[in-house]
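Hello,

Here is the structure I promised to pass on to you. Have a look at it first, and then read my notes below.

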Amino acid sequence: MPTSDEAVKLQHDADAAPSAAEAVRAIDGIAPATGTARRVAEGVWWIRLPVAAGPGHVNVYALQDRDGIMLVDTGTNTPQTLQTLTEALRVLQSSCGTVRRVVVTHHHPDHIGLAGWFAEQGAEIVATPGTLAVARRMLHDKTLLRTPEEIGFAVLAGMKDLELAAFIRRPKRQYADAVAMLPDAINVISDGETLQIGRRCWRAIVGNGHAVDHLTLCSNDGLVISGDQILPGMSTNLNVPTDQPDLDPIAAWRDTCRRIGEHIDDRSICLPGHHTPFTGIAIRSRQMIASHEAVASRLLGHLQRPRTAIDCLAAIYRRTLSLAERAFLFSEAVGYMNHLANRGEIVGLRRGKTIVWQKQRRPRGDTIRRDVSPAISRPNNFSSEVDETR
Ligand SMILES: [Zn+2]
């Protein structure tokens, strides 16, 4: 789940169409009751924790390790989550031992929130370098207002007038309110490395698109703990962070799906960060890719005339978004613009402090990134407008 200010509905396409339901099978449609753990494979238990935003829950998994439990993801750092998780672990701990290690898939609060709390209890924490770097930076970011870089990025995407004023006024949610402080000593896991947990060996697939250095774990016996990389029944939010405005999150996410595909077969079981464990990972990946392709083709129709990324939100989500949703989701629209530009299908041109995009009319290959990247990569250029708007 992303760090949004409000609960947001992220689906932008008909992921849950009947054909999807037929092809992707839940291995056990019944979610564990609050405060319980449900066995989903030998030595693997599924625990569901409450989350205020998005789908209203996050899944974490307890794995039997040699000398205790290894927990994958933790839920948000709230008293309610901690109580629910503690209850669920209580029964397991009597047979499996205490939580000795925690591995986090990515830095979003519903996944990493309680890792620091477990570290205080003596557990070892494992995370990717990018997850650690972003989480530590955000834990120490105490700014209450949008930074000039964030405002410049929004202006570049086409935000203006009252919407921009509301964006600037809205206080930023504090990451540290939902994420416990992390210890200094953390074990780093990088792409391609393996993690021995109990009798299983898990390969780390580290990718981008949903979050920096998102970790997916693929076991040697067909289990895939996918975090938010592959989800059933909802699309994964693919966004552009302010400090990487040129990022093509869709290409990065697709590449990660491709690499996961090298470690699975038809019987592999996906243990996702939200919703229900399922089989049919390759099918589900193709459905999610097709969903993004459907958005891309709608956008190409929409961009027959010049529009900003913000102007494209309606074409992407096909419903009216609230201001809070728009403030969060416009970076996903920027991601689509970057993706289509990298494919040579649209061209971006500077218009004042904003970029307008239009379907490419020149022959493919003469891509537009060279035209606009200097502006995109320097959002500080817009500091003068920031001052005026404040
Ligand atoms: Zn997430």
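**Helix H8 and what surrounds it**

Let's begin with a small check on helix H8: its 13 residues, at 1.5 Å a residue, should span 18 Å, and because its end C-alpha atoms are 18 Å apart, the two values agree. Please keep in mind that this is a predicted model.

Which residues of H8 are buried? They are Pro249, Ile250, Trp253, Thr256, Cys257, Arg259 and Ile260. The buried residues of H8 pack against strands S10 (200-207), S11 (214-219) and S12 (223-227), and also against helices H9 and H11.

**The two cores**

H8 (249-261) also supplies at least two residues to the largest nonpolar core, which has 52 residues. Within this core, the residues with the most contacts are Leu164, Leu299, Leu313, Phe330, Met337 and Ile346. Other elements that each give at least two residues include helix H6 (148-156), helix H7 (161-169), helix H9 (281-302) and strand S16 (354-359). Helix H11 gives the most, with 10 residues. The core draws on both domains, taking at least three residues from each of domain 1 (18-146 + 175-293) and domain 2 (150-173 + 295-389).

If you would like one residue to zoom in on, try Leu313. Leaving out residues up to four places away in sequence, Leu313 touches Arg318, Leu321, Arg326, Leu329, Phe330 and Ala333. There is also a second, separate core of 33 residues, and Val99, Leu114, Ile125 and Leu132 are among them.

**The sheet**

Next, find the open sheet of seven strands, which has mixed pairing and the order S2-S3-S4-S5-S6-S7-S8. Which strands are at its edges? Strand S2 (38-41) and strand S8 (187-188) are the edge strands, and each pairs on one side only. S2 runs antiparallel to strand S3 (residues 44-50), and three bridges join the two. In S3, Trp46 is the bridge partner of Arg38.

Helix H2 (residues 79-96) lies across S3, strand S4 (57-64), strand S5 (69-72) and strand S6 (99-103). H2 runs at about 165° to S3.

**The whole chain**

Stepping back, the chain has 13 helices and 16 strands. Of its 390 residues, 57% are buried. Among contacts between residues at least 6 apart in sequence, 67% join residues at least 24 apart.

Enjoy exploring it!

How values were computed: Residues numbered from 1 in each chain as written. Predicted model: local features only at pLDDT ≥ 70, side-chain atom pairs only at ≥ 80, totals over all residues. Heavy atoms only, no water. Pairing = 2+ DSSP bridges. Helix = DSSP H or I, 4+ residues; strand = E, 2+ residues; numbered from the N terminus. Contact = heavy atoms within 4.5 Å. Axes fitted to C-alpha atoms, helices over the stretch in contact; angles between N-to-C directions. Core = buried A, V, L, I, M, F, W, Y, C linked by side-chain atoms within 4.5 Å. Buried < 20%, exposed > 50% of the residue type's maximum accessible area, 1.4 Å probe, protein only. Domains from an automatic or database assignment. Expected span 1.5 Å × (residues − 1).
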